[in-house]
Amino acid sequence: MINSHPSTEQLAAYANGSLADGMSLLIGSHMTYCPACRKSVEQFEALAGAVFQETPAEMTLPSLDKALALLDEPEVEEEILAEAGSPLPLPVQKELGVKLDDIRWKFRLPGVHEHVFTGFDGESVSLMRVRPGRTMPHHTHEGEEATLIFSGEMEDDGQSFKRGDVAMADHNHNHHPRVVGDEVCYCLIVLTGAMRFTGPVSRALNLLTR
């Protein structure tokens, strides 16, 4: 069961095409697990389509009622499954262009490896592989950080995030996520603005990651 979702504003921006590419990849991937968010996006798209077909001055009450009625339709319960044998959803697999076993990971910390995507202007988008028991150093953000979990379990600020969950953090958060359980955690991270380490060895880490 998915407990943490993108915001309504993010889903609406995804539906109307105004969301940045990295967050669009994250939300599109989240929707492969989440029929509720897929339905919400469909409703936003239908409502926008009804509005654009007629100008506000011409829009009749029946057509507006028909569009708004979509918001009350039941959720579609089916789940769009990722490709067999991989923890990654299809949108991420397509963006990678290679199989999971062929990814050239970069070492970041013991038990923590990263693959950085290119071509996302204004965003830092990366796939992380984190082994159980590993904790990220304390850090905060100059912008926003969105994390989508593909496998394993991450604990952060007293919350647990599992497959399909989205965790959000910004400059108000000084946190150190930790992977728990016995499963390797694969996750997609989208950053706007720099990440700043705040723990005991923060000065050295900040120099290394500039």
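The legends below describe close-up views of a predicted model.

**View 1. Gly122 in the loop between β2 and β3.** The loop that holds Gly122 joins β2 (112–116) to β3 (124–130). Because its relative accessibility is 72%, and exposed means over 50%, Gly122 counts as exposed. Leaving aside residues up to four places away in sequence, Gly122 touches Leu191 and Thr192. Gly193 is 71 residues from Gly122 along the chain, and the C-alpha atoms of the two are separated by 8.0 Å.

**View 2. The largest nonpolar core.** This core has 31 residues. Leu26, Leu88, Val92, Phe117, Leu127, Phe150 and Leu188 are those with the most contacts inside it. At least two residues of the core come from each of α1 (8–16), α2 (21–31), α3 (35–53), α5 (90–96), β3, β5 (144–151) and β10 (185–192). With five residues, α2 gives the most to this core.

**View 3. Phe117 and the residues it touches.** Phe117 is one of the residues with the most contacts inside the largest nonpolar core. Not counting residues up to four places away in sequence, Phe117 touches Val92, Glu95, Leu96, Val125, Ser126, Leu127 and Leu188.

**View 4. Another core, apart from the largest nonpolar core.** This other core has twelve residues. Val130, Met154, Ala167 and Cys185 are among them.

**View 5. Helix α1 and the residue Gly17.** Within α1, the buried residues include Gln10, Leu11, Ala13 and Ala15. Gly17, just after α1, takes a positive phi of about 80°. The helix α1 also supplies at least two residues of the largest nonpolar core.

Conventions. Residues are numbered from 1 along each chain as its sequence is written. This is a predicted model: local features need pLDDT of at least 70, side-chain atom pairs count only at pLDDT 80 or more; totals for chains, interfaces and linings use all residues. Side-chain values use heavy atoms; hydrogens and water are left out. Helices (H or I, at least four residues) and strands (E, at least two) are DSSP runs, numbered from the N terminus. Buried means under 20% relative accessible area, exposed over 50%, partly exposed in between (1.4 Å probe, protein chains only). Contact means heavy atoms within 4.5 Å. A nonpolar core is a set of buried Ala, Val, Leu, Ile, Met, Phe, Trp, Tyr and Cys residues joined through side-chain atoms within 4.5 Å.
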